[in-house]
Amino acid sequence: MKTVIIHGQSHKGSTYHTARVLADKIGGEITEFFLPRDFGEFCLGCINCFRESETKCPHYEKLRPITEAMDSADVIILASPVYVYHATGAMKAFLDHYGYRWMVHSPEESMFKKQGVCISTAAGGGMKSTNKDMGDSLFYWGVAKIYKLGIGVAAVDWKSVSEKKRKKIEKATDSIARKIKAKHGKAKPGLKTKGFFSLMRMLQKNGWNERDVNYWKEKGWIGKKRPWK
């Protein structure tokens with residue numbers, strides 16, 4: 001099994017360690033990227049990815065190693081500490097570059113068979129809204145199964161996290177790792193994802209964006225083919 005972790009920060013705090021604990025329990029090959037160290041560009045709003053191709057994005061080459069790692073992975077982990085009740089700016093800037101992959105446009109077919117995890121930690125609160133920031137992208141990419149883990153660690157660094165909190169992290173990651181391994185190779189989208197896909201399919205039949213319409217036709221999704229089959 002292949003797991004890719006996108007860290008929304010470049011330091012190794014509680015969020016980093018929680019993500020690593022989970023990835024190690026899943027096992028297999030682990031690839032990690034740290035933002036903004038490995039990618040720190042802001043989307044320029046040029047809309048080339050929507051109108052023409054993602055290869056026309058000014059940051060395409062810088063982003064490509066992460067894109068290829070996600071596409072080849074079985075599990076995608078998005079991990080961000082809470083910054084003012086949301087994901088880090090680096091994580092947001094990263095996800096902005098994949099707007100063209102949302103189901104309303106040209107989703108990557110392999111996403112519909114993958115599993116994804118959103119992980120966030122904070123000294124206090126904000127984990128739910130932070131995980132939603134990342135979870136929205138996973139859902140609209142079409143990721144088949146999405147898990148969320150938010151932990152209030154009551155500490156500002158990993159070494160200060162109490163034994164009680166560490167046990168909570170161990171228990172939660174044990175549960176998610178078991179579910180991920182049980183669904184490996186068998187993950188399929190739920191009714192919500194399939195329903196949204198069907199709605200987007202109807203939209204593409206009379207779509208307004210030529211690139212998107214052509215993409216859906218080439219995939220055969222306007223007809224009877226589906227990306228999760």
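In the predicted model, helix α1 (residues 14–26) packs against helix α6 (residues 163–183) at an angle of about 40 degrees, and the two axes lie 9 Å apart. An angle between two helices counts as oblique when it falls neither under 35 degrees, nor over 145, nor from 65 to 115, and α1 and α6 are therefore oblique to each other. The crossing in which α1 passes α6 is right-handed. On the α1 side the contact is formed by T18, V21, L22, K25 and I26, and these residues meet I169, E170, T173, D174, I176, A177, I180 and K181 of α6. By character, the residues of this contact divide into seven nonpolar, two polar and four charged. As a general point, an α-helix has 3.6 residues a turn, so residues three or four places apart point the same way.

The strands of the model include an open sheet of five, arranged in the order β2-β1-β3-β4-β5 with parallel pairing. The edges of this sheet are formed by β2 (29–34) and β5 (145–152), each of which pairs on one side only. On average, and with direction ignored, neighbouring strands of the sheet are turned by 15 degrees against each other. Strands of a sheet pair in general through backbone hydrogen bonds, either parallel or antiparallel. At one edge, β1 and β2 are paired in the parallel sense over six bridges, and within this pairing I6 has F33 in β2 as its bridge partner. At the other edge, strand β4 (residues 115–122) pairs with β5, likewise in the parallel sense, over eight bridges, and here C118 has K148 in β5 as its bridge partner. Strand β1 is mostly covered, with five of its six residues buried.

Several helices can be placed with respect to these strands. Helix α1, described above for its packing on α6, also lies across β1 (2–7), β2, β3 (75–79), β4 and β5, and its direction makes an angle of about 150 degrees with β4. Helix α5 (residues 127–141) lies across β3, β4 and β5 and runs at about 160 degrees to β4. In helix α4 (residues 89–96), the buried residues are A90, M91, A93, F94 and L95, and the elements that cover them include β1, α3 (60–72), β3 and α5.

Within β4, the surroundings of T121 were examined individually. This residue is found in strand β4 and, since a residue is taken as buried under 20% relative accessible area, T121 counts as buried because its relative accessibility is 5%. When neighbours within four places in sequence are left aside, T121 is in contact with S14, T15, T18, S80, P81, V82, M127, I151 and V153. One of these partners, T18, also belongs to the contact of α1 with α6. Another, I151, is 30 residues away from T121 along the chain, yet the C-alpha atoms of the two residues are separated by 4.8 Å.

Some backbone features of the loops were also noted. L35 and P36 are joined by a cis peptide bond, with omega of about 0 degrees, and P36 lies in the loop between β2 and α2 (48–51). The loop between β2 and α2 also contains I47, a residue other than glycine whose phi is positive, near 55 degrees. I47 counts as partly exposed because its relative accessibility is 33%. A positive phi near 55 degrees is likewise found for A154, again a residue other than glycine, which lies in the loop between β5 and α6. A154, with a relative accessibility of 58%, therefore counts as exposed.

A further helix pair is formed by α7 (residues 191–205) and α8 (residues 210–219), which pack at an angle of about 115 degrees with their axes 10 Å apart. The crossing in which α7 passes α8 is left-handed. F197, M200, R201 and Q204 of α7 make this contact together with D212, V213 and W216 of α8, and the residues of the contact divide into four nonpolar, one polar and two charged.

Note on methods. Residues are numbered from 1 along each chain as its sequence is written. This is a predicted model: local features need pLDDT of at least 70, side-chain atom pairs count only at pLDDT 80 or more; totals for chains, interfaces and linings use all residues. Side-chain values use heavy atoms; hydrogens and water are left out. Axes are lines fitted to C-alpha atoms, for helices over the stretch in contact, and angles run from 0 to 180 degrees between N-to-C directions. Helices (H or I, at least four residues) and strands (E, at least two) are DSSP runs, numbered from the N terminus. A crossing is left-handed if the near helix is turned anticlockwise from the far one by less than a right angle, and right-handed if clockwise. Contact means heavy atoms within 4.5 Å. Ala, Val, Leu, Ile, Met, Phe, Trp, Tyr, Cys and Pro count as nonpolar, Asp, Glu, Lys and Arg as charged, and the others, Gly among them, as polar. Two strands pair if DSSP finds at least two bridges between them. Buried means under 20% relative accessible area, exposed over 50%, partly exposed in between (1.4 Å probe, protein chains only).
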